[in-house]
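Student: I have not looked at this structure before. Please take me through the ligand site and the core.

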Amino acid sequence: MKGDKWILYAKFAGEPSPGNFKLLEEDVDENLEDGEVICQAVYLSVDPYMRLYNVEVGNVFSGEQVAKVILSKNPDFKVGCLVQGYLGWRNVTKVTDPSIIKLIPQLGDLSPSLALGTLGMPGFTAYVGVLNVLKVKAGETFVVTSAGGAVGTVAGQIAKLKGCKVIGFAGSKEKCDLIKEYGFDYAFNYKEVTLEQALSEAAPEGVDCYFDNVGGEFTNNILSFMNTNGRIAVCGTMSTYTMDENQPSGLLPYRTILLKALMVQGFHVFSFNAEWPACLNEMIQWVKEGKIKYQETITDGFGNMVDAFIGLFKGTNIGKAIVKC
Ligand SMILES: NC(=O)c1ccc[n+]([C@@H]2O[C@H](COP(=O)([O-])OP(=O)(O)OC[C@H]3O[C@@H](n4cnc5c(N)ncnc54)[C@H](OP(=O)(O)O)[C@@H]3O)[C@@H](O)[C@H]2O)c1
């Protein structure tokens, strides 16, 4: 049978653009050995990290997807079941090593696409960032950036569930309205207000926990609003992802870190894999009870993968960016 794949065609320089990618057709061999399956993509994830860590030019762009098994010689993955795995930007994949896929969690009436967002890697990132890295406590003041995105919407809601005062910064009115609806105490469009204006209104007492998704100038500036012994979880640095890898991505004001005795911790979600089953159970429960709300920006068609990806760097997604095949 035939399938399509997106390859990295030219190395990134600055923001991703259509010229970085090429769509190719490929033959998918239908003759299966024991254990092998063929999957058809249903939902594909586009994520900011893909700009930073990805394949060499000429290879299939990597990424996670939810796919339906359409041919199988594996009793664990019967025809018709939904699996997830890092199968790359392909719409038909022959999986020769079944250890790279797993059945999607039992989500009941919820959309399987959530396994790529709130109930997948981004939601898990928010969970461990808030609970394991920042270890938030009730009554603390919590700030999150990219607050209208896949990770930020969840991080703010978890901090709120734990009794924090939650302040979100996002790049549009629509995103700010959404997170206010989700229960954030304050939402500011960072393109329209200064940190000083925002925090003098929302956090005159200072900031205890900062969930950093953007890095750069915003992060440098927030340090002077942090309380002594404040904690910063460096989750992402969106503002630097499109810089040349040799370009300095900013200098932290070390004197402020010292004087305020701040804890600044970068983290990778995959270091917390042991926490995943407990997180998933709790997150499914919270979603079903309506305590964690979510939104997805769904782009239709495998042919539009690149547009959906580019949109992340322009802020066009609200909540999790997903491509539906
Ligand atoms: N540490 C980990 O293990 C881990 C795991 C997953 C994700 N992450 C990181 O978490 C962050 C959020 O990821 P996500 O999947 O939830 O993405 P997202 O927030 O859904 O989408 C990215 C958002 O970044 C904002 N943005 C784009 N360019 C920007 C710039 N120059 N300055 C400031 N903001 C900019 C845009 O929102 P606005 O409209 O608000 O500008 C855009 O919608 C990313 O940095 C990602 O790499 C880290």
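Tutor: A polar contact is a pair of N or O atoms within 3.5 Å. Keep in mind that this is a predicted model.

Student: Which residue has a polar backbone atom 2.9 Å from a nitrogen atom of the ligand?

Tutor: The cut-off for a polar contact is 3.5 Å. A nitrogen atom of the ligand and a polar backbone atom are 2.9 Å apart. The residue is Cys-235.

Student: How much of the ligand's accessible area does the protein cover?

Tutor: On its own, the ligand has 910 Å² of accessible area. The share of this that the protein covers is 89%.

Student: Which residue has a side-chain N or O atom 2.5 Å from an oxygen atom of the ligand?

Tutor: The ligand is surrounded by 27 residues, and the closest include Val-151 and Lys-175. Another oxygen contact uses the backbone, with an N or O atom of Asn-213 at 3.2 Å. The side-chain atom at 2.5 Å belongs to Tyr-190.

Student: How many residues of the shell around the ligand are charged?

Tutor: Domain 1 and domain 2 each give the shell at least three residues. By type, the shell has 14 nonpolar and 12 polar residues. The number of charged residues is 1.

Student: Where does the largest nonpolar core lie, and why?

Tutor: This core has 45 residues, with Phe-142 and Met-283 among those with the most contacts inside it. Elements giving it two or more residues include α2, α3 and α8. Because both domains give residues to the core, its place is between domain 1 (2–117 + 295–324) and domain 2 (121–270).

Methods
Residues are numbered from 1 along each chain as its sequence is written. This is a predicted model: local features need pLDDT of at least 70, side-chain atom pairs count only at pLDDT 80 or more; totals for chains, interfaces and linings use all residues. Side-chain values use heavy atoms; hydrogens and water are left out. A residue is near a molecule or strand if one of its heavy atoms lies within 4 Å of it. A polar contact is a pair of N or O atoms within 3.5 Å; within protein, one must be able to donate a hydrogen and the other to accept it, and residues adjacent in sequence count only if both atoms are side-chain atoms. Accessible areas come from the Shrake-Rupley method with a 1.4 Å probe; for residues, only the protein chains shown count as cover. Ala, Val, Leu, Ile, Met, Phe, Trp, Tyr, Cys and Pro count as nonpolar, Asp, Glu, Lys and Arg as charged, and the others, Gly among them, as polar. Domain bounds come from an automatic or database domain assignment. A nonpolar core is a set of buried Ala, Val, Leu, Ile, Met, Phe, Trp, Tyr and Cys residues joined through side-chain atoms within 4.5 Å. Buried means under 20% relative accessible area, exposed over 50%, partly exposed in between (1.4 Å probe, protein chains only). Helices (H or I, at least four residues) and strands (E, at least two) are DSSP runs, numbered from the N terminus.
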